[in-house]
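Please look over the structure below with its confidence in mind, since the model is predicted. The questions that follow move from confidence to fold, core, surface and individual residues.

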Amino acid sequence: MRSNFVLQEIWIGLRRNLTMTVALIVVVAISLSMLGTGVLFIQQVNQTKSYWQSRVEISVYLCTANSANQNCKGAATPAQVDGIRQTLSSMPQVQYAKYQSQQQAYSLFKQYFANDSSYVNTVSQNEMPSSFEVKLKNPSTDYNVVASAVTGKAGVDSVIDEMTILNKFYKLLGGLQNGVFIVALILIVAAVLLVGNTIRLSAFNRRRETGIMRLVGASNLYIQMPFLLEGIIAGLIGWVIASVLLIGVKSLLLNELQQYFSYNVGLSTMDLVEVIGLAMLVAIVLCGVTSFVTLRRYLRI
């Protein structure tokens with residue numbers, strides 16, 4: 001097979017159907033970027049869940065001198081702290097209970113909000129409550145038991161279910177992720193139709209050439225190759241554009257969301273590379289298979 005002939009036919013096909021080719025590239029780029037964005041959101045949610053599910057589920061905040069809770073009579077005393085520690089340690093539902101002092105809490109607070117010094121300066125160490133960070137053996141069934149045991153106990157200001165707060169955030173990301181996938185699916189269907197129409201129009205415009213090639217004994221593969229590569233090249237151009245958009249999604253969106261995640265649970269460069277690789281595979285399969293199926297009717301001898 002002469003490579004020059006194939007390349008020439010590809011160029012002719014792309015040039016003759018320039019408007020449809022551009023439309024195809026745009027639709028493929030947007031559909032792949034939406035699909036990749038959905039996958040990136042899945043990875044972000046899964047990494048965040050994995051991190052927090054292996055850590056604390058309950059925070060038991062202790063009274064401070066300025067607590068608004070009427071049950072608090074000033075800051076929690078050492079005796080009250082020891083009593084709460086003994087209660088938590090003696091419960092079979094508790095895997096561990098780690099005490100966090102006001103100084104430790106304030107250090108973490110400054111770390112979390114290091115980018116907002118004006119906000120950090122409005123809070124003093126004495127205003128940060130000490131707490132017990134509790135890890136449960138079975139979060140789905142043990143929370144109510146443990147929370148009931150310490151709620152209202154002397155020295156306890158409030159009991160917070162950390163997983164409930166995080167689950168609301170996961171639902172928000174999950175809803176956004178599902179919406180992105182629905183839009184991506186619609187665009188992929190549109191891309192399939194555009195690929196089919198573009199290849200069909202290209203084959204129709206060159207029906208005389210392909211008819212002559214059949215008569216001189218050219219194989220189906222020889223006739224089909226320029227059209228297949230035409231669709232795949234258009235898909236790969238769309239993939240390149242989608243890759244740039246995905247880099248922007250990670251840099252401008254997910255990296256900005258990182259400030260709302262405690263500790264380092266952001267996506268790595270390798271995660272982005274994997275998604276871009278998946279998008280390339282989808283582009284090749286999408287355009288290649290659609291082109292092949294479309295061309296079958298034009299290659300019957």
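**Confidence, fold and packing**

Q: Among the elements of the chain, which helix has the lowest mean pLDDT and which the highest?
A: In this predicted model, the mean pLDDT of the elements has its low end at 59, in the helix of residues 3-16, and its high end at 91, in the helix of residues 78-90. Where pLDDT is low, the predicted coordinates should not be read in detail. The lowest mean therefore belongs to helix α1 and the highest to helix α3.

Q: What percentage of the residues score a pLDDT of at least 70?
A: The average pLDDT over the chain is 78. Counted by residue, the share that scores at least 70 is 74%.

Q: How many helices and how many strands does the chain have, and in what pattern?
A: Read along the sequence, the elements follow the pattern α-α-β-α-β-α-α-β-α-β-α-α-α-α. The chain has, in total, 10 helices and four strands.

Q: Of the contacts between residues at least 6 apart in sequence, what percentage join residues at least 24 apart?
A: The chain has 301 residues, of which 43% are buried. Among contacts between residues at least 6 apart in sequence, those that join residues at least 24 apart make up 85%.

Q: Which helices each supply at least two residues of the largest nonpolar core?
A: The largest nonpolar core has 30 residues, and those with the most contacts inside it are Leu-24, Val-28, Leu-32, Leu-40, Trp-239 and Leu-246. At least two residues of this core come from each of the helices α2 (18-53), α7 (162-205), α9 (220-257) and α10.

Q: How many residues does the other core, the one with Val-60 and Ile-84, have?
A: Apart from the largest core lies another one, whose members include Val-60, Ile-84, Val-150 and Val-159. The number of residues in this other core is 16.

Q: With which residues is Leu-32 in contact, leaving aside its neighbours within four places in sequence?
A: Leu-32 is among the residues with the most contacts inside the largest nonpolar core. Leaving aside neighbours within four places in sequence, the contacts of Leu-32 are Trp-239, Ala-242, Ala-279, Val-282 and Ala-283.

Q: Is Ser-33 buried or exposed?
A: Ser-33 lies in helix α2, and beyond its neighbours within four places in sequence it is in contact with Ala-242, Leu-245 and Leu-246. Its relative accessibility is 8%, and because buried means under 20%, Ser-33 counts as buried.

Q: What distance in space, C-alpha to C-alpha, lies between Phe-181 and Gly-36?
A: Phe-181 lies in helix α7 and is partly exposed, with a relative accessible area of 24%. Not counting residues up to four places away in sequence, Phe-181 touches Leu-35, Gly-38, Val-39 and Ile-42. Phe-181 and Gly-36 are 145 residues apart in sequence, and their C-alpha atoms are apart in space by 9.1 Å.

Q: Where does Met-128 lie?
A: Met-128 has 14% relative accessibility and counts as buried. Leaving aside neighbours within four places in sequence, Met-128 is in contact with Thr-64, Gln-102, Ala-105, Tyr-106, Phe-109 and Val-123. Its place in the chain is the loop between α5 (117-120) and β3 (131-136).

Q: What separation do the C-alpha atoms of Tyr-61 and Asp-157 have?
A: Tyr-61 lies in strand β1 (residues 58-62) and is partly exposed, with a relative accessible area of 25%. Along the chain, Tyr-61 and Asp-157 are 96 residues apart, while their C-alpha atoms are separated by 5.6 Å.

Q: The side chains of which residues meet in a salt bridge?
A: The count of salt bridges comes to one, with a distance of 2.8 Å from N to O. Both partners lie in helix α3, three residues apart, about one turn of the helix. At 37% and 31% relative accessibility, respectively, both count as partly exposed; the residues are Asp-82 and Arg-85.

Q: What is the area of the nonpolar surface patch that includes Val-289?
A: Val-289 is found in helix α10 (residues 269-295) and, at 47% relative accessibility, counts as partly exposed. The chain exposes about 16500 Å², with 61% of it supplied by carbon and sulfur atoms. The patch is made by Leu-278, Leu-281, Val-285, Val-289, Phe-292 and Val-293, and its area is about 520 Å².

Definitions and conventions:
Residues are numbered from 1 along each chain as its sequence is written. This is a predicted model: local features need pLDDT of at least 70, side-chain atom pairs count only at pLDDT 80 or more; totals for chains, interfaces and linings use all residues. Side-chain values use heavy atoms; hydrogens and water are left out. Buried means under 20% relative accessible area, exposed over 50%, partly exposed in between (1.4 Å probe, protein chains only). Contact means heavy atoms within 4.5 Å. Accessible areas come from the Shrake-Rupley method with a 1.4 Å probe; for residues, only the protein chains shown count as cover. Patches are made of residues with over 30% relative accessible area and no salt bridge: like charges are joined within 9 Å, nonpolar side chains (Val, Leu, Ile, Met, Phe, Trp, Tyr) within 5 Å. A salt bridge is a side-chain nitrogen of Lys or Arg within 4 Å of a carboxyl oxygen of Asp or Glu. pLDDT is the predictor's confidence in each residue, from 0 to 100. A nonpolar core is a set of buried Ala, Val, Leu, Ile, Met, Phe, Trp, Tyr and Cys residues joined through side-chain atoms within 4.5 Å.
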